[in-house]
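Please open the model in your viewer and keep the sequence panel visible beside it. The tour begins at a surface feature and then widens to the whole chain.

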Amino acid sequence: MSIPKLWFVIIWLCFVSSFSLAQDTDSSKTAPINKNLWTMDFRIASNFTLSSFQGTAISLSRFISDYQKIRFGISTSLDALSQEADGKHFRFDTLYSKYTRNNDDIKSSIQFTVQHLTYSSPNKTTSLYFAFGPLVGLTWRTNDYINNNSTEHFGFFKNNGSYTQKTFSIGILGSCGLEYFFSEHMSLHAEYSLAGTYSWYKRSEEIKTLAGLTSTQTYSPGREEHSSSSSVWKIESPYVLFGLSVNF
């Protein structure tokens with residue numbers, strides 16, 4: 001988060017906190033929200049547009065009591081890249097060698113989060129809340145490629161292969177925030193999160209080669225297989241959010 005955004009959030013928190021103290025002096029004022037409704041959460045971006053919340057494409061919450069609710073999040077992504085290239089090398093305007101390359105790369109991911117939220121001041125217009133829950137994610141990537149290189153009247157080399165990489169992540173997501181219920185169906189909130197995750201990676205690759213001499217018509221095939229795995233523990237603060245919740 002940039003310095004101007006951070007100061008904006010700090011000023012907003014100070015304003016809401018002071019407003020909350022004023023609200024607490026009047027016990028008759030309560031949050032004007034029917035807490036049996038579903039809530040959809042959005043992130044307010046730097047240009048005041050709405051975007052995904054906590055990295056999830058869809059974030060839904062459901063109040064289960066006056067001071068508790070469950071928040072669900074799901075995110076998916078798909079990237080598909082296809083590349084083709086070719087080139088030629090000349091010597092004194094005579095074709096000497098040429099090559100072609102083709103590559104198809106596909107990457108997909110999905111992640112689920114579930115958090116239990118507890119409000120410190122239920123039924124108040126402004127309240128602190130704390131959230132805690134698991135996250136699970138899966139990412140897989142496949143890449144297929146073909147490389148052809150040939151030299152006129154001499155020989156050629158062909159290289160084609162494919163690799164697959166899978167990543168599985170599991171962890172705990174904790175959050176602390178301040179929410180201001182300014183209307184019957186909307187609220188503003190600022191939230192800080194901390195996540196601890198364990199990720200396990202596995203990669204496998206197969207490479208096939210074929211080299212030959214044009215003059216003697218001899219060929220030499222080859223094959224390689226590789227596999228590797230690794231794991232990593234990580235504790236990080238993925239985001240500080242300024243968000244909007246819409247009740248329906």
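In this predicted model, first select strand E6 (126-151) and strand E7 (155-180), each of which supplies at least two residues of a nonpolar patch. Which strand gives the most to that patch? The answer is E6, with 3 residues.

Next, display the side chains of the patch itself. Select Val136, Leu138, Trp140, Phe168, Ile170 and Trp200, which together make a nonpolar surface patch of about 500 Å².

Now centre the view on phenylalanine 168, which lies in strand E7. Why does phenylalanine 168 count as partly exposed? Its relative accessibility is 37%, and the partly exposed class lies between the buried limit of under 20% and the exposed limit of over 50%; phenylalanine 168 is therefore placed in that class.

Then show the molecular surface of the entire protein. The exposed area is about 15100 Å², and carbon and sulfur atoms supply 59% of it. To turn from surface to interior, colour the chain by accessibility: of the 248 residues in the protein, 30% are buried.

Switch to a cartoon view and follow the chain from its N terminus. The elements run α-β-β-β-β-β-β-β-β-β-β, that is, 1 helix and 10 strands.

Finally, display the contacts across the fold. Among those between residues at least 6 apart in sequence, 68% join residues that are at least 24 apart.

Notes
Residues numbered from 1 in each chain as written. Predicted model: local features only at pLDDT ≥ 70, side-chain atom pairs only at ≥ 80, totals over all residues. Heavy atoms only, no water. Helix = DSSP H or I, 4+ residues; strand = E, 2+ residues; numbered from the N terminus. Buried < 20%, exposed > 50% of the residue type's maximum accessible area, 1.4 Å probe, protein only. Contact = heavy atoms within 4.5 Å. Areas by Shrake-Rupley, 256 points an atom, 1.4 Å probe, with all protein chains shown as cover. Patch = residues over 30% accessible without salt bridge, like charges linked within 9 Å, V, L, I, M, F, W, Y side chains within 5 Å. Salt bridge = Lys/Arg side-chain N within 4 Å of Asp/Glu carboxyl O.
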